[in-house]
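Biologist: Could you take me through this one? I'd like to hear the reasoning behind each label.

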Amino acid sequence: MAKERGLISPSDFAQLQKYMEYSTKKVSDVLKLFEDGEMAKYVQGDAIGYEGFQQFLKIYLEVDNVPRHLSLALFQSFETGHCLNETNVTKDVVCLNDVSCYFSLLEGGRPEDKLEFTFKLYDTDRNGILDSS
């Protein structure tokens, strides 16, 4: 278990990798469920709370129950103020784009595909340019 808030221990990271080895899901597929599918109810602006994050993990890792210490350590590692400012949400949320980017980088696949996916996550106005907004 993580000794400090937001830090993932090596054993937790190893456990996460094991889950990912057996999962057949791609982040892009799970992200669609949160953007305009059955999981959209968990989205607050560009953010999700802990309950939504747990659902993301369950779907993505294809498990019924992610150990609480693992899901909590992961959630806390994503908590930042940057999503709060953009969404006017004031408590315990993580940016869905940050979560998606992180997991997509851990997935198998070509680096070019990962880069393209990450670019599209942050090109929010879909103009082909990453601008400050």
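Biologist: What is the strand order in the open sheet, and which kind of pairing does the sheet have?

Modeller: Keep in mind that this is a predicted model. The sheet has three strands in the order β1-β2-β3, and the pairing is antiparallel.

Biologist: What makes β1 and β3 edge strands?

Modeller: Each has a single partner strand, so β1 (43-44) and β3 (93-95) both have one side without a neighbour in the sheet.

Biologist: How do you know that β1 and β2 are paired?

Modeller: Pairing takes at least two bridges. Two bridges join β1 to β2 (residues 47-49), and these strands run antiparallel, so they meet the cut-off. Val43, for instance, has Ile48 in β2 as its bridge partner.

Biologist: Which helix packs on the sheet, and which strands does that helix touch?

Modeller: That's α6 (residues 96-106), which touches β1, β2 and β3. Its direction makes about 60° with that of β3.

Biologist: Why is α6 called largely enclosed?

Modeller: Eight of its 11 residues are buried, so the rest of the structure largely encloses α6. Among the buried ones are Leu96, Val99, Cys101 and Phe103, but also Asn97 and Asp98.

Biologist: Why does Ser9 count as buried?

Modeller: Buried means under 20% relative accessible area. Ser9 has 12% relative accessibility, so it counts as buried. Ser9 lies in the segment before α1 (10-22).

Biologist: What makes the Ser9 and Ser11 pair a polar contact?

Modeller: The cut-off for the N or O atoms is within 3.5 Å. The side chains of Ser9 and Ser11 make their contact at 3.1 Å.

Biologist: And Leu31, is that residue buried or exposed?

Modeller: Buried: Leu31 has 5% relative accessibility, and the cut-off is under 20%. Leu31 sits in α2 (residues 27-36). Leu31 and Phe56 are 25 residues apart in sequence, with their C-alpha atoms 8.3 Å apart in space.

Biologist: Now the helix pair. At roughly what angle do the axes of α1 and α4 cross?

Modeller: They cross at roughly 100°, and the axes of α1 and α4 (residues 68-78) come within 11 Å. Angles from 65 to 115 degrees count as roughly perpendicular, so that is the label for α1 against α4.

Biologist: Which residues make that contact?

Modeller: On α1 they are Asp12, Gln15, Leu16 and Tyr19, and on α4 they are His69, Leu70, Ala73 and Leu74. By class, the contact of α1 with α4 has five nonpolar, two polar and one charged residues.

Methods:
Residues are numbered from 1 along each chain as its sequence is written. This is a predicted model: local features need pLDDT of at least 70, side-chain atom pairs count only at pLDDT 80 or more; totals for chains, interfaces and linings use all residues. Side-chain values use heavy atoms; hydrogens and water are left out. Helices (H or I, at least four residues) and strands (E, at least two) are DSSP runs, numbered from the N terminus. Contact means heavy atoms within 4.5 Å. Axes are lines fitted to C-alpha atoms, for helices over the stretch in contact, and angles run from 0 to 180 degrees between N-to-C directions. Buried means under 20% relative accessible area, exposed over 50%, partly exposed in between (1.4 Å probe, protein chains only). A polar contact is a pair of N or O atoms within 3.5 Å; within protein, one must be able to donate a hydrogen and the other to accept it, and residues adjacent in sequence count only if both atoms are side-chain atoms. Angles under 35 degrees count as roughly parallel, over 145 as roughly antiparallel, 65 to 115 as roughly perpendicular and the rest as oblique. Ala, Val, Leu, Ile, Met, Phe, Trp, Tyr, Cys and Pro count as nonpolar, Asp, Glu, Lys and Arg as charged, and the others, Gly among them, as polar.
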